[in-house]
Structure formats: C-alpha cells, structure tokens
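Subject: Structure handover

Hello,

Here is the structure I said I would pass on. Please open it beside this email and follow along.

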Amino acid sequence: MYRVRAAGLLLTAAYLSFTGWLLLRPHYVTWVPSPNLRPFGTIRDDLRLPPVDAARHLLAGLGLLAPLGFLLPVAGGRLESSAVVSFVRTVFAGLMISLSVEFTQTMVPGQLFDVDALILNTAGVALAHLLIVPAARRHLRRRRRTSPPPPGAPAALTPTGVGAP
C-alpha cells in the first residue's frame, strides 16, 4: 500500500507541475477581455458556438484537473475511509487547487480570472472521483481480503484471524 501511496504522491506532484506550467504561461496579446465574475457566463457563450467547438471548450475545462479526482485519494492512501468523506475531501481539495490557480493567473500577463473555469475544473474533479475511485476501492479491498498474509505475520493480520503455529 505504501508503494501505491508514494506513486500517487509522485504522480500528483508531476501533474500539478505540468498543470501549473500550462496555465501560468504568459499570453502576450494586444487586447485582453475583462475577467468573468458571473457564474455560467462563459459556459453560456461556449454553448452558442458550433457543437464541436462547444464540446471542446467544455471538455477542456472539465478535463484539466480531472486527474486529481483519483490522484488525490491515491496519494492520501486512506482505503478504509468513508466514500462520502473521501468525495468531499477530494472535491474540496480540487476546488482549492483550482481557486489558487485562478488567483495566481491574475498575476500573469494575458491571463484572467474566470469563475466558470473554477466551476468546470471542480466538476471535473468530482466526476473523475465518482467514476474511478469507488470501483478502485472495491477492487483494492477485495484484493486485500483474498491475499495471503506475509510470512511471519501476527495472528491478527491473517485473513481468518487464526495465526500460524
């Protein structure tokens, strides 16, 4: 389990580094629109585009931080915690990461705060968590119950509760 958690921490750090690089690059443009502080404003504008362009914009917003929906629980390594607690913890962490990225973007030339990006990024984290984590937890719990105990394990760690003589 420690190897899985270490791999989760490493992958989370690598993904956040990549995302930070991707989102915090300066964009030198001659004209910059005002920040979007009205919820669903740019989402409505995106939905007025042709269907392929609208889908591309919305899926980009949903998919940007979506890997955190399963990387954060893996990095946390809490296999036995409640599913609801895990979901709330992961979505809140995704919201805070998205919020920090959006606020940091305001200091980069050509980047703006967009409340809709915050909504889509957080929804992507939530969807990824709901689609992947419950099934992965069931699989890991099942594998933990059926795996044989390590040699020399104490009686409490054996599957039947009865230790080897």
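Below is what was found in it, from the overall fold down to single residues.

**Overall**

Please keep in mind that this is a predicted model. The secondary structure comes to six helices and zero strands. Along the sequence, the pattern reads α-α-α-α-α-α. The protein has 165 residues, and 32% of them count as buried. It exposes about 10800 Å². Carbon and sulfur atoms supply 71% of that area. Now take the contacts between residues at least 6 apart in sequence: 75% of them join residues at least 24 apart.

**The core**

Which residues make up the largest nonpolar core? There are ten: Y15, L23, L64, L65, L68, L71, L72, I97, V101 and V125. Three elements give two or more residues each to this core: α1 (2–23), α4 (68–76) and α5 (83–105). Of the elements, α4 gives the most, with three residues. As a general point, nonpolar side chains in soluble globular proteins tend to be buried together.

L71 is a good core residue to click on. Leaving out residues up to four places away in sequence, L71 touches G8, L11, T12 and Y15. Y15 belongs to the core as well.

**Helix α4**

Is α4 mostly covered or mostly open? It is mostly covered, with seven of its nine residues buried. Those buried residues are L68, G69, L71, L72, P73, A75 and G76. What covers them includes α1, α5 and α6. After α4 comes G77, which has a positive phi near 65°.

**Two serines in α5**

S98 is found in helix α5. Its relative accessibility is 1%, under the 20% cut-off, so S98 counts as buried. What does S98 touch, beyond residues up to four places away in sequence? The list is L65, A117, L118, N121 and T122. Of these, L65 is part of the largest nonpolar core.

S86 lies in α5 too. S86 is at 3% relative accessibility and therefore also counts as buried. Its contacts, again without residues up to four places away in sequence, are P73, S81, H129 and R137. One of these, P73, is a buried residue of α4. Another is H129, 43 residues from S86 in sequence. The two C-alpha atoms are 9.0 Å apart in space.

**The largest pocket**

How much space lies in the largest pocket? The figure is about 790 Å³. The lining counts 27 residues. Nearest the centre of the pocket lie L23, Q105, Q111, D114 and A117. Two of those names appear above: L23 is in the nonpolar core, and A117 is touched by S98.

The elements that give two or more residues to the lining are α1, α2 (41–47), α3 (51–63), α5 and α6 (115–146). By type, the lining divides into eleven nonpolar, ten polar and six charged residues.

**Residues towards the outside**

The loop between α1 and α2 holds two residues to look at, F40 and Y28. F40 is not a glycine, yet it has a positive phi of about 70°. Buried, partly exposed or exposed: which is F40? F40 has a relative accessible area of 43%, which falls between the 20% and 50% cut-offs, so it is partly exposed.

Y28 has 69% relative accessibility, over 50%, and therefore counts as exposed. Its partner along the chain for a distance check is P109, 81 residues away. The C-alpha atoms of Y28 and P109 are separated by 6.6 Å.

L130 has its place in helix α6. With a relative accessible area of 51%, over the 50% cut-off, L130 is exposed. F87 is 43 residues from L130 along the chain. Their C-alpha atoms are separated by 7.7 Å.

**Where to start**

I would begin with α4, given its seven buried residues and its lead share of the core. Then go to S98, with its contacts to L65 and A117. From A117, move on to the pocket, since A117 is one of the residues nearest its centre.

Best wishes

Key: Residues are numbered from 1 along each chain as its sequence is written. This is a predicted model: local features need pLDDT of at least 70, side-chain atom pairs count only at pLDDT 80 or more; totals for chains, interfaces and linings use all residues. Side-chain values use heavy atoms; hydrogens and water are left out. A nonpolar core is a set of buried Ala, Val, Leu, Ile, Met, Phe, Trp, Tyr and Cys residues joined through side-chain atoms within 4.5 Å. Buried means under 20% relative accessible area, exposed over 50%, partly exposed in between (1.4 Å probe, protein chains only). Helices (H or I, at least four residues) and strands (E, at least two) are DSSP runs, numbered from the N terminus. Contact means heavy atoms within 4.5 Å. On a 1 Å grid over the protein atoms alone, a cavity is a set of points where a 1.4 Å probe fits but cannot get out, and a pocket is an open set with protein on both sides within 12 Å along at least five of seven lines; lining residues have an atom within 4 Å of a point. Grid points are joined across faces, edges and corners, and a volume is the space filled by probe spheres set on the points. Ala, Val, Leu, Ile, Met, Phe, Trp, Tyr, Cys and Pro count as nonpolar, Asp, Glu, Lys and Arg as charged, and the others, Gly among them, as polar. Accessible areas come from the Shrake-Rupley method with a 1.4 Å probe; for residues, only the protein chains shown count as cover.
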